[in-house]
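Trainee: Got a minute to walk me through this one?
Mentor: Sure, let's pull it up.

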Amino acid sequence: MINIYLRELVQSNHRVIIPDLGAFLKKDKAANSLESSVTFSPFLRFNDGLVENYLVEKEHITEKEASLEVRRYVQSIKQTIAVHQFYYVTDLGAFYEDERGSVQFLFAKSEKEANRKLDEIASNLTTANATAGMPELDVEESTPAAGVVKHEVNKKKIVKKKAESIIKENKETAQVNADEKAKHLEEASNSLQRWMEEVEKRREQQAQEEKKALEAKEPAMPEELEAQQRRQAEVRRALDVRRKMEEVNEAVKELEANVDDVNISVDNELRVVDDEREEVLVERKEEGEKSKKSLRWGILFWIVLLLLILAAALLWFWAPISNFVGNTPGYTEVVTEEYVITNSPAFVELDSVATDSTHTSAFLEQQEGLYYVVVGVFNIQNNAFALCQKLNNLGLNAEMVKACGDKFVVSIAKSSSIETAKREQDNYKKKYGDAWVLY
């Protein structure tokens, strides 16, 4: 809101004071441009009411609302300078801080021109520091991510530094203003006292001169009249003293009110800085939580990825390894399956039977309409072949039949009649062990 009227105020007034910030002072009325006719002083900060009265007139608001708007405007300027190094006012110029931390103003017709002038000021300052023998800073190249992190850290450091500077500046300003006002009050009191003493001396001298003149011209006045005149003079002096004391009291009250305003302004600034500090702490905490969460998810992702890679490698190399082991010369595969259902003493050592994987017997396909007497079922063909060999050595007619999907069944007899198959089953059970009929 104030940005809209600031240029009008500067053009139409000899002095425009922005409370707690500084003042625009017009030094040359005949100059063609504001830049050549107006200067900015950061030392005049008291509130003369010009800006507030202008807002009341233009915006039709109360004085209290105008005062609050001015305070918000000043806080906004300081906060923007703390974060972005300058605050641009449309069609006028930009506020910025110099190397001493004081708020200054440069006139510029556009924000681009303001940026250029500020860069020139910074360049000149760097050149001056280098000429004075100040050490140059070594800048290391980094990745874009590191640059962003470094920028955010520097930004937060700048905010913290500016906040501390604002607090220190406000405290010092408040102390200086209070000291100056106390000093002015003491000087005013001393001046009033001297003035009253001089007035009293003059009145005594005048009274003596009048008395001498009356004595020379007229006879002496009666004592009662003289006493009455003295009482009247004393009453007049008392009234004058009372009036002066009332003026002094009013001045003291005004100074106290100004001190209260300064204290309120400092308190508001401190609250704003505390809020900013709390926001910075909350942001740091949230960033820390996000970093921890991202780290945890990243570790979990890499663990899962590693497990998937190991599983894929195992599946990829499992078949070649199995084929290599299975095709190794002289390798024997031990019968370890539990599908052998015989319990005969003749087959107690079946689990230790081994057969050369290179001598695999042919198998028969299961035929429909036939009943098979089964003594063992295997997943591995060599194991089924080993059992067939052992049964044939005992004088049985064992065959290897592929049935039940991909299973290898060892059969000792087959028949198209269920009764015949069951008789063969019973005969086998009596001599060797358990068996069952497959059809």
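**Helices and cores**

Trainee: Does helix length add up here, say what should the 13 residues of helix α8 (residues 381-393) span?
Mentor: At 1.5 Å a residue they should span 18 Å, and the end C-alpha atoms are 18 Å apart, which agrees. The expected span is 1.5 Å times one less than the number of residues. Helices here are DSSP runs of H or I, at least four residues, and strands are runs of E, at least two, numbered from the N terminus.

Trainee: Where do these numbers come from?
Mentor: This is a predicted model, where local features need pLDDT of at least 70 and side-chain atom pairs count only at pLDDT 80 or more, while totals for chains, interfaces and linings use all residues. Residues are numbered from 1 along each chain as its sequence is written, and side-chain values use heavy atoms, leaving out hydrogens and water.

Trainee: Which residues of α8 are buried?
Mentor: Among them are Phe385, Leu387, Cys388 and Leu391. Buried means under 20% relative accessible area, with a 1.4 Å probe and protein chains only. Just after α8, Gly395 takes a positive phi of about 95°.

Trainee: New topic: which residues touch the most other members in the largest nonpolar core?
Mentor: Of its 28 residues, they include Leu6, Tyr73 and Phe105. A nonpolar core is a set of buried Ala, Val, Leu, Ile, Met, Phe, Trp, Tyr and Cys residues joined through side-chain atoms within 4.5 Å.

Trainee: What gives the most to this core?
Mentor: α4, with 6 residues. A second, separate core of 19 residues includes Val375 and Cys388.

Technical notes: Buried < 20%, exposed > 50% of the residue type's maximum accessible area, 1.4 Å probe, protein only.
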